[in-house]
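This report goes through a protein chain by way of selected residues, ring pairs and strands. The sequence and structure come next.

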Amino acid sequence: IAQGGTRRGANMGVLRVDHPDVEAFIKCKTSEMAITNFNISLGITDKFMQAVEDDADWDLRFPDVHHPAYKGFRGTIDAAERAGVPIKVFKTIKARKLFNLFVQQAHHNGEPGALFLDAANRFNPVPHLYELEATNPCGEQWLGPYENCCLGSINLAQMLGENGTVDWEKLRQVTKTATRFLDHVVDKNAYVPAVPELKEAAHKARRIGLGIMGLADLMYHCGVRYGSEESLEFCGQVMEFIRYFSMETSVEMAQELGTFPAIKGSIYDPENLAWQPPTPLTPHKRDWQRPALDWQRIVEGIKTHGIRNAAQTTIAPTGTIGTVAGCEGYGCEPVFALAYVRHVNDNGTDLLLNYVSPFFQEALNAASLPEETKELIVKQVIELGSCQHIEQLPQHIRNVFVVSSDITADEHIHIQAALQRFVDNSLSKTINFPEGTTEEEVSAAFMTAWKLGCKGITVYITGSRDKVVLETKATKEKKEGAPALLPTLFEGGQETQLSFWKDSKKPRPRTLHGYTYSIETPLGKAFVTINENGGSQPFEVFINTAKAGSETAAHSEALGRLISYILRLASPIEPRERLKLVMEQLAGIGGGRSLGFGPNRVRSLPDGIAKALDEYLFQQHWEKEEVIPERPIEQIPMPGIDSPIHKIGELCPECGQATMINEEGCRKCYTCGHSEC
């Protein structure tokens, strides 16, 4: 498994498509793959994709680790082959069969994503130092050993010209200033002294990643529909402009301060320049009054002075900074909704605030419509987030003001490809599919992304993570057909505990002793307190998590009350055994994502509670017993959520609202602005 970022504490693993364990990896459950801070994607090569197209055989292979040539070797299997290390074939299968398994799992829950290794390495600026193997979790930053991110984003929502134009001069000045700023960060950063390789790697290549946010805002202003053929050229022209002046500034800094130390042998080596100016996805035909760019001037500048930074551009997720800056569209993503309700915790009171896109409101105000009609339109947009269904709205407004649910997967992919042409690193983007998408459509998306030169792709089908649980009907049937537990309570026909636990619901003493366990869950840190009564028997359980007044806190309190009620009821089963049965039912319940890795992995809040109960029952006072098998259960949809915007989200660990959305290769909350990136 290749690890991205630093070799120590890497945060993404990439399993190559020719690895012997790749079949088993793809078939594993959601919770095995969606691991917070250690995501795993599939590293795909051009040879594999070609083999899929040709329906050819595919070898799963690994280096001969016992051969003398392997001793001391570190690198990819391709590097091992070049170094003369013998390669053993573990198994030969059909490439299309493996690809279909991959597509099936991605269709099932959005995991794993795909990283196109050869596409990334074709643009590796320092191939003499390393081969690129992996990225950070959001997929935008390919890094070598010990390298780190130095990223910044230009707010395109502030680059608005008059009469629906782009302020190109302001964008030029901001690009040049931001490039110098990020280069200074490389020097000023406080690297971890205990790992000197971090500073060494950063200074050797001086990578920076200047990106964008608010692209969708700029499109609204200029009257360009996100995803249209026109938008592909618009995106390309904007990103080309930024790349051009970022490189121009980097060449100027090389003349003033010197080149990056590893320039000899890189694609920017002035004595053997391998870098070529980028070209658009489609030829430019439209005029947005952009000044002309002379790429040959950049070529001559590199040959004369070199360049200061081995990489210049990256489009990262901007969920948090985009919210702070007031952007409607984060990173290079479309706007999620034109209007929605934001929940704010106002001293324990749930304060509801209606948010309406300022650009949409401005266009609506300019339309020749009665005020009553405008108010009705706003109410309808708040309900669904989109304006495409509103017939009273003028067509020219509906054509421009699209949101993510209005854009097809193919349009998403082409936008990504158009931007990738002028991003020398990569970009963070999620290809959102509507509910009901077929596996064939997902397969075509991966193939299209590869052919268009994308360096990676993440897909997400609306509602697919709910299907993971709803499809486990076999588990439910198995539970319903399981033998009754009552016979286990008797030995030799005699009741063993009934006379001792015959009381009605036991009253609570004034003072109880107990234990409190802290455990990290996908919804935040949980505190589980187990208080004991006579005979060191558990008597009650309190569960505290998230903020008071949130849905997550309410669910936690409800679980604690139910467990406590079970422990205090009259029963022939002693409380410790009852708590063990409760733990069995909670253990292994999977949610939309997991936290941790290996035996410490927590699949959901209930699974985290089960781990705390396990520690109390078996690790605190008692000897270890046999491991309890995991029992995933069918998820019951929760009533009371009327807004379609809320239905496709997951619970936010910060505010507890069901508005956690997959976007930009990351997850962020549209209620409170919380982001995982």
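Why does S426 count as buried? S426 has a relative accessible area of 2%, and buried means under 20% relative accessible area, with exposed meaning over 50% and partly exposed anything in between (1.4 Å probe, protein chains only).

This is a predicted model, in which local features need pLDDT of at least 70, side-chain atom pairs count only at pLDDT 80 or more, and totals for chains, interfaces and linings use all residues. Residues are numbered from 1 along each chain as its sequence is written, and side-chain values use heavy atoms, with hydrogens and water left out.

**Surroundings of S426**

S426 belongs to the loop between α16 (409-420) and β12 (430-433). Helices (H or I, at least four residues) and strands (E, at least two) are DSSP runs, numbered from the N terminus. With neighbours within four places in sequence left aside, S426 is in contact (heavy atoms within 4.5 Å) with G139, E140, W142, T314, I315, Q420 and K455. With Q420 there is a polar contact between the two side chains, at 3.4 Å. A polar contact is a pair of N or O atoms within 3.5 Å; within protein, one must be able to donate a hydrogen and the other to accept it, and residues adjacent in sequence count only if both atoms are side-chain atoms.

**The chain as a whole**

The protein chain has 23 helices and 21 strands. Of its 677 residues, 52% are buried. Among contacts between residues at least 6 apart in sequence, 70% join residues at least 24 apart. The chain exposes about 31200 Å², of which carbon and sulfur atoms supply 53%; accessible areas come from the Shrake-Rupley method with a 1.4 Å probe, and for residues only the protein chains shown count as cover.

One separation in sequence and space can be given for G13, which is in strand β2 (residues 12-16). G13 is buried, at a relative accessible area of 0%. From G13 to T135 there are 122 residues in sequence and 8.3 Å in space, C-alpha to C-alpha.

**Aromatic pairs**

Across the whole structure, a search finds 16 aromatic pairs. Rings of Phe, Tyr and Trp (its six-membered ring) pair if their centres lie within 6.5 Å; planes under 30 degrees apart count as stacked, over 60 as edge-to-face and the rest as tilted. The F102 and F446 rings have centres 4.7 Å apart and planes at 50°, so this pair is tilted. F102 lies in helix α5 (residues 95-109) and F446 in helix α17 (residues 439-451), so the pair ties together parts that are 344 residues apart in sequence. F102 is buried, with a relative accessible area of 1%, and F446 is buried, also with 1%.

For F234 and W288, the ring centres are 5.1 Å apart and the planes at 75°, so the pair is edge-to-face. F234 is part of helix α10 (residues 229-257), whereas W288 sits in the loop between α10 and α11 (295-305), so parts 54 residues apart in sequence are tied together. Both residues, F234 and W288, are buried.

One aromatic cluster is formed by W168, F241, Y244, F245, Y268, W275 and W295. R172 lies over the face of F245, 5.9 Å from the ring centre; a charge sits over a ring if NZ of Lys or CZ of Arg is within 6 Å of the ring centre and within 35 degrees of the ring normal.

**Backbone exceptions**

Most residues other than glycine have a negative phi, and most peptide bonds are trans. The bond joining E111 and P112 is cis, with omega about -5°, and P112 lies in the loop between α5 and β7 (114-116). Two residues with positive phi are listed below.

| Residue | Phi | Loop | Relative accessibility |
|---|---|---|---|
| Y146 | near 70° | between α6 (117-122) and β8 (151-155) | 16%, buried |
| Q289 | near 60° | between α10 and α11 | 58%, exposed |

**The β20-β21 hairpin**

Strand β20 (residues 660-663) runs antiparallel to β21, joined by 4 bridges; two strands pair if DSSP finds at least two bridges between them. The two strands form a hairpin with 2 residues between them, and E664 in the turn has a positive phi of about 60°. E663 stands opposite C666 in β21. From β21 (residues 666-669), C666 and K668 point one way and R667 and C669 the other way; all are buried.
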